[in-house]
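Good morning, and thank you for making time for this presentation. I would ask everyone to bring up the sequence and the structure before I begin.

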Amino acid sequence: MTGSSTTPDCCQHDGLFYPDGGKRCFRHSSPEDRALVADLDARAAAGRTLGERGWPYGPNIDVQSRMEMLSWAEQYGLRRAETRCQNLHWLRKGRCGVQRCDPLGRWADHVTRWSRNGRPAVLVAQPYGLSNDQFAQVAALNDEELQVAVDGTGWYGHGTTFVQVWRVDAWNAILADA
């Protein structure tokens, strides 16, 4: 063992962080730990929440993040989008036009893109903070096509801010379904 006297070396390099604060590899996880991870993986697969790309950074190593991300996505009927587009053009137009990209600002950290019913719905960023200038950049995205929500309720954790940039039509459809 290295580092902590309670964490075997294998868990230091290959494991998940659990809600109790511990990090354990599969070999050292309890049956309850394994059942929880299997349940979350099954929920994600059944709802096709993750798409082809799997768990994004954060939930890929943190079980609490997985639970919170799934609850958020399931609440809105969202699926992680397959796009690798790094801009808002995908959200506005439903595709990425390389020559016509709207680049994201420095506020865009830990970004995931989400679709609903096969259409772009929301871009989520979870930066470690927003300066006044960055907050103004995010707020300026509000227009007839996009609606922005900023709060501290995201799944990434670690003191990040939860920034959601919704397509207005997707958000209105969610409200109508509620």
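**Overview and the open sheet**

Of the 178 residues in this protein, 43% count as buried. Please keep in mind throughout that the model is predicted.

Let me begin with the overall build. The protein contains six helices and seven strands. Read from the N terminus, the elements follow the order α-β-β-α-α-β-α-β-β-α-β-β-α. The C-alpha trace spans about 55 × 35 × 30 Å along its principal axes. Of the contacts between residues at least 6 apart in sequence, 56% join residues at least 24 apart.

A word on the surface and the charges. The accessible surface comes to about 9,700 Å², and carbon and sulfur atoms account for 49% of that. There are 20 positive and 21 negative charges, and their mean positions lie 6 Å apart.

I turn now to the sheet. Five strands form an open sheet in the order 3-4-5-7-6, with antiparallel pairing. Which strands stand at the edges? They are strand 3, residues 79-80, and strand 6, residues 146-151; each has a single partner strand, so one side of each is left without a neighbour in the sheet.

Strand 4 deserves a closer look. This strand comprises residues 112-116 and is joined to strand 3 by two bridges, the two strands running antiparallel. Following the pairing residue by residue, Arg79 has Ser115 as its bridge partner in strand 4, while Arg80 stands opposite Trp114.

On to the pairing of strand 4 with strand 5. Here five bridges join the two strands, which again run antiparallel. Ser115, which we met as the partner of Arg79, also stands opposite Pro120 in strand 5. Strand 4 and strand 5 form a hairpin with two residues between them. In that turn, Asn117 has a positive phi of about 55°.

Is strand 4 enclosed or open to the outside? Five of its five residues are buried, so the strand is largely enclosed by the rest of the structure. In a regular strand, side chains alternate between the two faces of the sheet. In strand 4, Thr112, Trp114 and Arg116 point one way, whereas Arg113 and Ser115 point the other way. Two arginines, Arg113 and Arg116, are thus among the buried residues of this strand.

What lies across the sheet strands? Helix 6, residues 168-177, lies across strand 4, strand 5 (119-125), strand 6 and strand 7 (162-167). With respect to strand 7, helix 6 runs at about 90°.

Finally, I would like to set two histidines side by side. His110 is found in the loop between helix 4, residues 89-93, and strand 4. His158 lies in the loop between strand 6 and strand 7. His110 has a positive phi of about 55° although it is not a glycine, and for His158, also not a glycine, phi is positive at about 55°.

Which of these two is buried and which is exposed? The relative accessible area of His110 is 18%, and because buried means under 20%, this residue counts as buried. His158 has a relative accessible area of 60%; the cut-off for exposed is over 50%, so His158 counts as exposed.

To close, I would leave you with strand 4, whose five residues are buried and which is paired with strand 3 and with strand 5. Thank you for your attention.

Conventions: Residues numbered from 1 in each chain as written. Predicted model: local features only at pLDDT ≥ 70, side-chain atom pairs only at ≥ 80, totals over all residues. Heavy atoms only, no water. Helix = DSSP H or I, 4+ residues; strand = E, 2+ residues; numbered from the N terminus. Buried < 20%, exposed > 50% of the residue type's maximum accessible area, 1.4 Å probe, protein only. Contact = heavy atoms within 4.5 Å. Areas by Shrake-Rupley, 256 points an atom, 1.4 Å probe, with all protein chains shown as cover. Lys, Arg positive; Asp, Glu negative; His and termini not counted. Charge placed at Lys NZ, Arg CZ, Asp CG, Glu CD. Pairing = 2+ DSSP bridges. Axes fitted to C-alpha atoms, helices over the stretch in contact; angles between N-to-C directions.
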